[in-house]
Amino acid sequence: MVYAAFRSIGAYAPEKILTNEDLSLMVDTTDEWITKRTGIKERHIAAENETTSDMGVKAAQLAIERSGIAKSDIDMVICATISPDYFCMPSTATTISHKLGLPTVTAFDISAACTGFVYILSIAKAFIESGMKKNVLIIGAEKLSSITDYTDRGTCILFGDGAGAAVISATKNKEEAIIDVHTGADGAYADLLMTPNGGTGSPHDALENEASSCFMQMKGNETFKVAVRTLTKDVKEILADNDIEMDKVKHFIPHQANLRIIKAVGDALKMKEEQVVITVPKYGNTSGASIPMAMNDVYENGNLKSGELMLLDAFGGGLTWGSALVPFSPLKK
Ligand code: UT7
């Protein structure tokens, strides 16, 4: 039996920082309001000429370097993004692959918004366990600033840019294996969080002179409530299905959307403060990049050790959701 092991993590945050004070000069808001309602203090914003794939490449280079696996042995690249370099094609994954010097490997994008990283983890696991691939590079990368309406105070305070990447590889050692990944979706809630224009659902002639054609729109308060409910249910289900108690989880790494959401979920699940990973104050919500960026912070702070169990939990536009039980299994101990 072949299993899939989570070997390494890497991330990249662009240099420019957008603070709450900066935003208060752009829309009718304050540092106090943003901090109290979201926990966010600042977010990183990509340079004008810096693309989603540029950020993905930087995160991927770190992940490959830390994996101990030769770049030439990577046989698939998957990117989760809702802010791709190009609207239809080529995919951001093929662009990343090209920039990394991996010319002919299978490469494709998936669209599952903030749940994207959990979705690509499940795809990597399935390809490896079926024997079709051996070493899969997965990347969550977002330039959300390019689809954010900086005149809408309800959304522009939330989002930031960045990328995170991981190498998943085949192992025969069951102790190293990703234990389980759950994913789900319900299109009935599509209008809670969407970019309503720019696709075939909104013909281009209706968009003439429409500056905000591809910007995100959100019913924040409704989304908040569904997020807390769904994230909590996800965790209960994956732990119960695998007969694992919460105290076996070393790092709970939820999607970083809002500190109040994370705290509400942590409280509902009676988690200890030290189990819960929080990076939303410094990165804001980076959608598909948020979980690997948070994980990378734990790693770079020296707090992610071989064998430690991570519990990932995500929720996003679609609606989509997902959770994963993942031991950290580096080749280099
Ligand atoms: O990653 C995918 C999932 N995304 C999420 O999970 C995001 C979920 N939603 C949220 O994080 C929160 O709903 C927000 C932070 C977006 C909003 O917080 P809220 O506590 O739900 O506020 P609200 O939308 O109910 O608005 C309360 C008031 C309103 O004013 P009135 O109608 O009471 O006079 C808003 O107009 O706050 C106002 N408001 C603001 N005031 C100052 C909304 N945005 C702002 C702002 N600054 N930036």
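Here is a short Q&A on how some labels in this predicted model come about.

User: Why is Arg66 called buried?

Analyst: Its relative accessibility is 18%, and buried means under 20%, so Arg66 counts as buried. Arg66 is found in helix 3, residues 52-67.

User: What is Arg66 in contact with, leaving aside its neighbours within four places in sequence?

Analyst: Ser8, Ile9, Gly10, Asn296, Tyr299, Glu300 and Lys332. Its side chain also reaches the backbone oxygen of Ile9 at 2.8 Å. A polar contact needs N or O atoms within 3.5 Å, so the 2.8 Å to the oxygen of Ile9 fits that cut-off.

User: How do you know that helix 7 spans about what's expected?

Analyst: Helix 7 covers residues 220-241, 22 residues in total, and reaches 31 Å from its first C-alpha to its last. The expected figure at 1.5 Å a residue is 32 Å, so the two are close. Just after helix 7, Asp243 takes a positive phi of about 55 degrees.

User: Which residues of helix 7 are buried, and what do they pack against?

Analyst: Among the buried ones are Phe224, Val228, Leu231, Val235, Ile238 and Leu239. The buried residues pack against strand 8, strand 10, strand 11, helix 8, strand 12 and strand 13.

User: What makes strand 8 and strand 13 a pair?

Analyst: Pairing takes at least two bridges, and strand 8 and strand 13 have six, in the antiparallel sense, so they pair. One of the bridges has Thr320 of strand 13 as the partner of Ala185.

User: And what about strand 12 and strand 13?

Analyst: Eight bridges join strand 12 to strand 13, also antiparallel, so the cut-off of at least two is met here too. Trp321 in strand 13 is the bridge partner of Phe315. The two strands form a hairpin with three residues between them, and Gly318 in the turn has a positive phi of about 145 degrees.

User: Why is strand 13 called mostly covered?

Analyst: Seven of its eight residues are buried, and buried means under 20% relative accessible area, so "mostly covered" follows from that count.

User: Which residues have the most contacts inside the largest nonpolar core?

Analyst: Leu239, Phe252, Ile261, Leu311 and Leu325, in a core of 40 residues. Its largest share, eight residues, comes from helix 7.

User: What does Leu325 touch, not counting residues up to four places away in sequence?

Analyst: Its partners include Ile238, Leu239, Val249, Leu309 and Leu311.

Definitions and conventions. Residues numbered from 1 in each chain as written. Predicted model: local features only at pLDDT ≥ 70, side-chain atom pairs only at ≥ 80, totals over all residues. Heavy atoms only, no water. Helix = DSSP H or I, 4+ residues; strand = E, 2+ residues; numbered from the N terminus. Buried < 20%, exposed > 50% of the residue type's maximum accessible area, 1.4 Å probe, protein only. Contact = heavy atoms within 4.5 Å. Polar contact = N/O pair within 3.5 Å; in protein donor to acceptor, adjacent residues only side chain to side chain. Core = buried A, V, L, I, M, F, W, Y, C linked by side-chain atoms within 4.5 Å.
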